[in-house]
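Here are my notes on the model you sent round. I've put them as numbered points so you can check each one against the coordinates.

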Amino acid sequence: MPYPLLMSVACAALIAAAPLPAQAVPDAQFEPAFQVFMRASQGEESAIAQAADAFAALLKAEPANPVLQAYSGAAMAMRARTTMLPWRKMAYAEDGLAQLDKALALLAPAHEAVGQNQVPAVLDVKLVAANTFLALPRMMNRHDRGLKLLTEVRSSPLLASAPAPFREAVDKAVRKAGLEGAQ
């Protein structure tokens, strides 16, 4: 094999073997969806469908992004609040939980890098999942996992480098879950 061809093959192999950085959609696309999601999570029922649709659209463009998967799943689970039909409530909740489980399964060491809103992707995904799991009725059997994820976020060394609004959201979730004194 000639030297230039060998070098090309070697370079291609190195690039293919290198870990992928945490994926992030441009802030100009993420931020509007995030703001709608925040309104929905604060109880604005009219924002729930908008948030679910916005994150579903972003996820189509980047299906392997665990942050988008987590927000999409959380928004889908929130949709359970928007219907009186029990089978629709369960379908929304189960679909959302499946997406959150997938987001958590997608996490890799590369996701310790800063992602959306300057937050390490691993912390963002775990906090979104924890908040969603803890908001579900106990019969959904996610409360303990939510507490575990929240404890992982709170004790992560990456938390110190996260922006203040994210750290405040973690503190709020810890207080709401009654974990203030626990370590």
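1. One cut-off before anything else: a residue is called buried when its relative accessible area is under 20%, exposed when that value is over 50%, and partly exposed in between. Take glycine 146 as a worked case: its relative accessibility is 0%, so it counts as buried. Please also keep in mind that this is a predicted model.

2. Now the overall picture. The chain has eight helices and zero strands, so reading along the sequence simply gives α-α-α-α-α-α-α-α. There are 183 residues, and 41% of them count as buried. The chain exposes about 10,100 Å², with carbon and sulfur atoms supplying 62% of that area. If you look at contacts between residues at least 6 apart in sequence, 60% of them join residues at least 24 apart.

3. What sits in the middle of the nonpolar packing? The largest nonpolar core has 52 residues, and the members that touch the most other members are Phe30, Phe37, Phe55, Tyr71, Phe133 and Phe166. The elements giving two or more residues to this core are helix 2 (27-41), helix 3 (46-61), helix 4 (66-78), helix 5 (86-106), helix 6 (121-135), helix 7 (143-155) and helix 8 (164-177). Helix 6 gives the most, with nine residues.

4. Phenylalanine 37 is a good place to click if you want to see that core from one side chain. Setting aside neighbours within four places in sequence, phenylalanine 37 is in contact with Ala51, Phe55, Tyr71, Ala74, Ala75 and Met78. Two of those names, Phe55 and Tyr71, are also on the list of core members with the most partners.

5. Next, helix 2 against helix 4. Their axes come within 11 Å and cross at roughly 35 degrees, and helix 2 passes helix 4 in a left-handed crossing. On the helix 2 side you'll find Phe30, Phe34, Phe37, Ala40 and Ser41, which meet Val67, Leu68, Tyr71, Ala74, Ala75 and Met78 in helix 4.

6. How do helix 3 and helix 4 pack, at what angle and with their axes how far apart? The angle is about 150 degrees and the axes are 8 Å apart. Angles over 145 degrees count as roughly antiparallel, and helix 3 and helix 4 are therefore roughly antiparallel to each other. Their crossing is left-handed. Helix 3 brings Ile48, Ala51, Ala52, Phe55, Ala56, Leu58 and Leu59 to the contact, while helix 4 answers with Leu68, Gln69, Tyr71, Ser72, Ala75, Met76 and Met78.

7. Helix 5 and helix 6 also pack at an angle of about 150 degrees, with axes 10 Å apart. By the cut-off in the previous point, these two are therefore roughly antiparallel to each other. Helix 5 passes helix 6 in a left-handed crossing. The residues making the contact are Leu97, Leu100, Asp101, Ala103 and Leu104 of helix 5 and Val125, Lys126, Val128, Ala129, Thr132 and Phe133 of helix 6.

8. The loop between helix 5 and helix 6 deserves a look at its backbone. Most residues other than glycine have a negative phi. Asparagine 117, placed in this loop, has a positive phi near 55 degrees. Glutamine 118, also in the loop between helix 5 and helix 6, has a positive phi as well, near 65 degrees. As for its surroundings, asparagine 117 has 25% relative accessibility, so it counts as partly exposed.

9. Threonine 132 is in helix 6. Is threonine 132 buried or exposed? At 11% relative accessibility, which falls under the 20% cut-off, threonine 132 counts as buried. Apart from neighbours within four places in sequence, threonine 132 is in contact with Ala74, Ala77 and Leu100. Of these, Leu100 is one of the helix 5 residues in the contact with helix 6.

10. Last, back to glycine 146, which is found in helix 7. Which residues does glycine 146 touch, not counting those up to four places away in sequence? They are Ala130, Phe133 and Leu134. Glycine 146 and threonine 132 lie 14 residues apart in sequence and 7.6 Å apart in space, C-alpha to C-alpha. Phe133 is worth highlighting here, being among the core members that touch the most others.

Notes:
Residues numbered from 1 in each chain as written. Predicted model: local features only at pLDDT ≥ 70, side-chain atom pairs only at ≥ 80, totals over all residues. Heavy atoms only, no water. Helix = DSSP H or I, 4+ residues; strand = E, 2+ residues; numbered from the N terminus. Buried < 20%, exposed > 50% of the residue type's maximum accessible area, 1.4 Å probe, protein only. Contact = heavy atoms within 4.5 Å. Areas by Shrake-Rupley, 256 points an atom, 1.4 Å probe, with all protein chains shown as cover. Core = buried A, V, L, I, M, F, W, Y, C linked by side-chain atoms within 4.5 Å. Axes fitted to C-alpha atoms, helices over the stretch in contact; angles between N-to-C directions. Parallel < 35°, antiparallel > 145°, perpendicular 65-115°, else oblique. Left-handed = near helix turned anticlockwise from the far one by under 90°.
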